[in-house]
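Q: Got a minute to go through a model with me? I'd like to start with one strand and then jump around a bit.

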Amino acid sequence: MCGIAGILRLDGRRPDDWLALEAMSESLIHRGPDGHGSFVRGPVRLTMRRLSIIDLQGGDQPMSNETDTVHVVFNGEIYNFAELRESLAGYGHRFRTRSDTETIVHAYEQWGDDFVTRLNGMFAIALWDERQERLLLARDRAGIKPLYFAHTNGALVFGSELKAVMRSGLVRRELDYEALGQYLSLEYIPAPASILRGVRKLRPGHLLTASTSGIRDRAYWDLSLELSESNPMPGDEADHVRAFGEALRRSVAREMVSDVPVGVLLSGGIDSSTVAAFMTEAANEPVQSFSVSFAERSFDESRFARQVASHLGTVHHELRVAPVDLLEALPTITAIVDEPFADPSIVPTYLVSRFARRHVKVALGGDGGDEMLAGYSTLQAHRLAPLYRALPATFRRAVVERAAARLPASPRYLAFDFLLRRFIQGADSPPWRQHQMWTGSLFGESKAAVLQPDVRCAINEGRFEAKLEDTAAASGARHPLNRILYQDFKLYLEGDILAKTDRASMASSLETRVPFLNLDVLSHLERVPVTLKLRGFTRKYILRKAVSGLLPDSIINRRKRGFSIPVAAWLNDELRGLADEYLNESRLSREGIFNPSEVSMLLGEHSRRVRNNAKSIWTILMFQMWRERWLDAS
């Protein structure tokens, strides 16, 4: 695991930017505190920071081929590097190290750009081909590892995090208002956009090449859920369950390969519990597991994590999180996430990652299970929405909507009043928009209301709506559930879940791995029938069947809780001062983005417990904190 960055001059000039390269490298030291290296030749500058996991002594980067014409810096892990190494040795390639990085060098020599299709792993790769004078950037299929880039001032600049691109001195810190609009709705900014104008994220499953001939960005892989309709995997339910369990078991064992200690981030949910169970089977010694606990019971899953740990016999470590821990962590979180990011679960993710790093250097987790296996409650809501729309409009307005408006606002996690109001808000929208409204923050009139008029025009709401619709349509699937799962994979998984885990864990120099997104599991689940993912109202049906007897029934069948913090309650107590500091009318008026009276109304309703406005308030608050740290400071 590493952080990578670099500069390629495309205008024929010889770059004089060694200090910029050093600054870019320094900004990524948290991603790789164990070592660093740089490659400087002709028009290209490559640098990296290393977190040593495989081949601790021989895996230093940049790494080159025998003729010193191909040079690579790489962030991530290649899980099938041993098989690739054996295959490449058969073609006559000779290896000097045991590292997976060297496999990339020789794979490119052997197969050209197509080498990336043979990699099973999580990765962001920068490869300089000196003979062709061409830079290649590649990102893994799901977007587990990040990669930003910008084409500006006659150069292509790139880095594992936005802060590295900023430190190049080649980009201006100008707010991208369309990205701001996406953020206010989704609570994150999905690829290819970034919060800065002119800076992009390389999309998952994409490969970019750059030379004096131009820049080309193309897809080398896409999720094909329509295969479950056009070419489903043969066999009955028992065959599917058995094959899926074996694929996931193999992937967990494959992702445990390391030259340093490995543990598991255990929430007590079925996904992380399954990973822990398969790790226990594969390990030669007790697995170390890590979880967090909260005093607020509706948010606390620690008893389930302890139950799983006891059942599996892991060496369990639990961290108690109090409001003061959140307050102390927020400045660090703002520095870690150099784009606005409003998923509050990044706070406990950071705290548990920092906690786990005291004991291990690598941790596996359950990310990706919900997106691939229909794990979110919104998928059940999609089945209820047509029934709700079938009710007479007068009955809906006079009875259901009026009753929902009168319910007292509860700060509890996924409280009934919050879920009902959310459901009603999105029930009449098309599925692609409905889904984002149920999971996101500000949409339509509510988003327009919190913005100043000129900003409201600049966010280009029409283009954003088209992006959502086009993403769902790009799945090529006929089944509505497959279209929604594809949309989650392309937007929420990459932009929120994986970004959160990467930034939170790498801030603590902890490598996190995600077996549910291993290529073997992805390829398998592409052809699993929809009915084995969502059976009636039973989510993750095939996973529940696969671990039957392996985990306690109370864990397999319990309601999904989610991994978050009591923001709604804390905004009226521990976080009230922070909200007053960043969201007061004077400050908002001076900065010119948000409508002070509308934000004041949201705060007032929330403090009086008339309505739970925590999502909207937190989303705006996190932008304000980001702005002060990254935009105003420039």
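**Strand β7 and beyond**

A: Arg134, Leu136 and Ala138 point to one side of β7, while Leu135, Leu137 and Arg139 point to the other, and all of them are buried. Keep in mind that this is a predicted model.

Q: Why do the side chains split like that?
A: In a regular strand, side chains alternate between the two faces of the sheet.

Q: How many of the residues in β7 are buried?
A: Six of its six residues, so the strand, residues 134-139, is mostly covered.

Q: What does β7 pair with, β6 first?
A: β6, residues 121-129, pairs with β7 in the antiparallel sense over six bridges. Within that pairing, Asp129 stands opposite Arg134.

Q: What about the turn, which residue there has a positive phi?
A: Glu133, with a phi of about 50°. β6 and β7 form a hairpin, with four residues between them.

Q: And how many bridges does β7 make with β11?
A: Four, again in the antiparallel sense. β11 covers residues 206-211, and its Thr209 stands opposite Leu136.

Q: OK, packing. Which residues have the most contacts inside the largest nonpolar core?
A: Phe115, Ile125, Phe244, Leu517 and Phe594, in a core of 181 residues. Helix α20, residues 480-506, gives the most to this core, with twelve residues.

Q: What is Ile125 in contact with, neighbours within four places in sequence aside?
A: Its contacts include Leu136, Leu137 and Ala138. Among the others are Ile4, Val72, Val73, Phe74, Ile104 and Phe115.

Q: Which residues are in the second core?
A: That separate core has 21 residues, including Cys2, Leu8, Leu147 and Leu156.

Q: Since you mention Cys2: how many disulfides does the structure hold?
A: Zero.

Q: Is Cys457 buried or exposed?
A: Cys457 is exposed, because its relative accessible area is 65% and exposed means over 50%. Cys2 is buried, with a relative accessible area of 3%.

Q: Switching to Lys163. Where is that one?
A: Lys163 is in helix α4, residues 162-166.

Q: Buried or exposed?
A: Lys163 has a relative accessible area of 8%, which is under the 20% cut-off, so this lysine counts as buried.

Q: What lies 3.4 Å from a polar atom of its side chain, the Lys163 one?
A: The backbone oxygen of Ala335. Leaving aside neighbours within four places in sequence, Lys163 is also in contact with Ser27, His30, Ile336, Asp338 and Trp630.

Note on methods: Residues numbered from 1 in each chain as written. Predicted model: local features only at pLDDT ≥ 70, side-chain atom pairs only at ≥ 80, totals over all residues. Heavy atoms only, no water. Buried < 20%, exposed > 50% of the residue type's maximum accessible area, 1.4 Å probe, protein only. Helix = DSSP H or I, 4+ residues; strand = E, 2+ residues; numbered from the N terminus. Pairing = 2+ DSSP bridges. Disulfide = S-S within 2.5 Å. Core = buried A, V, L, I, M, F, W, Y, C linked by side-chain atoms within 4.5 Å. Contact = heavy atoms within 4.5 Å. Polar contact = N/O pair within 3.5 Å; in protein donor to acceptor, adjacent residues only side chain to side chain.
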